[in-house]
Amino acid sequence: MLMKKLYISILFTSIFSVSVQAQLTLTKSANEPVIGDVNMMANYDSVSVIPKNTGAGMSWNFMTLTPGTFTETTTYTTVASTPSASTFSAATIAAVRGTSNYEYFRTSTSMLEYVGSQDPSGPETIVFSNYGTFLNWPTAFGNSNTDAFIATQTTGTTTGNWNGTISYTASGSGTVTLPNGNVHTNCLQIKKVISISITSGTSTSQFSIVGYDYYSSSTKFPILR
């Protein structure tokens, strides 16, 4: 299920960095993953209200978060090197989460799209026939986008049909203080809303998921999610 793909209050750090920009705008050259990129994640727990204020000139302080025990490394690789390359032939890059969970993306000059995922331990495969747009290039404060998607989920012998929308808004700009006290100025907040209806047989489930990504001008991937 998509719920397994989402991590709340997760600190993202990247071993790759990009040049500091005078005004933060997410671009294909600076923020789109490429083969060989590695992104390391560690989760943090909240003990109080997490700041999610929107607007220009904001200050987001996450020093009340406490370290959890979960960590995960995501490595971006070629689609051909993954076990289900033929199933995701439309993808141009794959992400290996941990050791054996795969996510597939399609890149273009104007956007980054989600093509599907596979979890061999389920086994579970989710194939998008109408891809979901993660981000358009470029994206700056005030920009927004809504995209409809369609997918088929196969878990063992059970099949589910997905219909939904993924929306994002570059909803805030300002300064992020990480749990370790590091301060990042010139940050961009991306608010994402995913609405899904999943039908399997005669049963239909509906989900609405809201997440916030915080990008810094000094890193490729979000520093906090």
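## Overall build

Let's start with the contacts: among those in the protein with a separation of 6 or more, 57% are between residues 24 or more positions apart. Please keep in mind that this is a predicted model. The protein has one helix and 12 strands, and along the sequence these follow the pattern β-α-β-β-β-β-β-β-β-β-β-β-β.

Of the 225 residues in the protein, 47% are buried. The exposed surface comes to about 10,300 Å², with carbon and sulfur atoms supplying 55% of it.

## The nonpolar cores

The largest nonpolar core holds 35 residues, and the members that touch the most others are Leu26, Tyr104, Phe128, Leu135, Phe149, Trp162 and Ile190. Two or more residues come from each of the strands E5 (93-97), E6 (101-107), E7 (111-119), E8 (124-136), E9 (144-155), E10 (158-177), E11 (183-200) and E12 (203-216). Strand E11 gives the most to this core, with five residues. Apart from this core lies another one, made of 11 residues, including Trp60, Leu178, Tyr212 and Tyr214.

Leu135 is a handy residue to click on in the largest core. Leaving aside residues up to four places away in sequence, Leu135 touches Leu26, Ser110, Met111, Leu112, Tyr168, Ile190 and Tyr215.

## Aromatic pairs around Phe105

A pair of aromatic rings is described by the distance of the centres and the angle of the planes. Searching the whole structure turns up 10 aromatic pairs. One of them joins Phe105 and Tyr114 edge-to-face, at 5.4 Å centre to centre and 75 degrees between the planes. Both Phe105 and Tyr114 are buried. Phe105 also pairs edge-to-face with Phe134, where the centres are 5.8 Å apart and the planes make an angle of 70 degrees. Phe105 belongs to strand E6 and Phe134 to strand E8, so this pair ties together parts that are 29 residues apart in sequence.

How do the two partners differ in exposure? Phe105 counts as buried because its relative accessibility, 6%, falls under the 20% cut-off, while Phe134 is partly exposed with a relative accessible area of 24%. Phe134 has a charged companion too: the charged end of Lys192 sits over its ring, 4.2 Å from the centre. Stepping back, ring pairs link Phe105, Tyr114, Phe128, Phe134, Phe149 and Trp162 into a cluster.

## Two buried polar residues

Now for Lys220, found in the segment after E12. Is this lysine buried or exposed? With a relative accessibility of 7%, Lys220 counts as buried. The side chain of Lys220 makes a polar contact of 2.6 Å with the side chain of Asp37. In addition, a polar atom of the Lys220 side chain lies 3.3 Å from the backbone oxygen of Glu32.

Gln118 sits in strand E7 and is buried as well, with a relative accessible area of 14%. Which side chain does Gln118 meet through a polar contact? The partner is the side chain of Ser84, at 2.7 Å. Not counting residues up to four places away in sequence, Gln118 touches Pro83, Ser84, Phe88, Ser100, Asn101, Tyr102, Glu124 and Thr125. Taking one of these, Ser100 is 18 residues from Gln118 in sequence, and their C-alpha atoms are 8.6 Å apart in space.

Methods
Residues numbered from 1 in each chain as written. Predicted model: local features only at pLDDT ≥ 70, side-chain atom pairs only at ≥ 80, totals over all residues. Heavy atoms only, no water. Core = buried A, V, L, I, M, F, W, Y, C linked by side-chain atoms within 4.5 Å. Buried < 20%, exposed > 50% of the residue type's maximum accessible area, 1.4 Å probe, protein only. Helix = DSSP H or I, 4+ residues; strand = E, 2+ residues; numbered from the N terminus. Contact = heavy atoms within 4.5 Å. Polar contact = N/O pair within 3.5 Å; in protein donor to acceptor, adjacent residues only side chain to side chain. Phe/Tyr/Trp six-rings, centres within 6.5 Å; stacked < 30°, edge-to-face > 60°. Lys NZ or Arg CZ within 6 Å of the ring centre and 35° of its normal. Areas by Shrake-Rupley, 256 points an atom, 1.4 Å probe, with all protein chains shown as cover.
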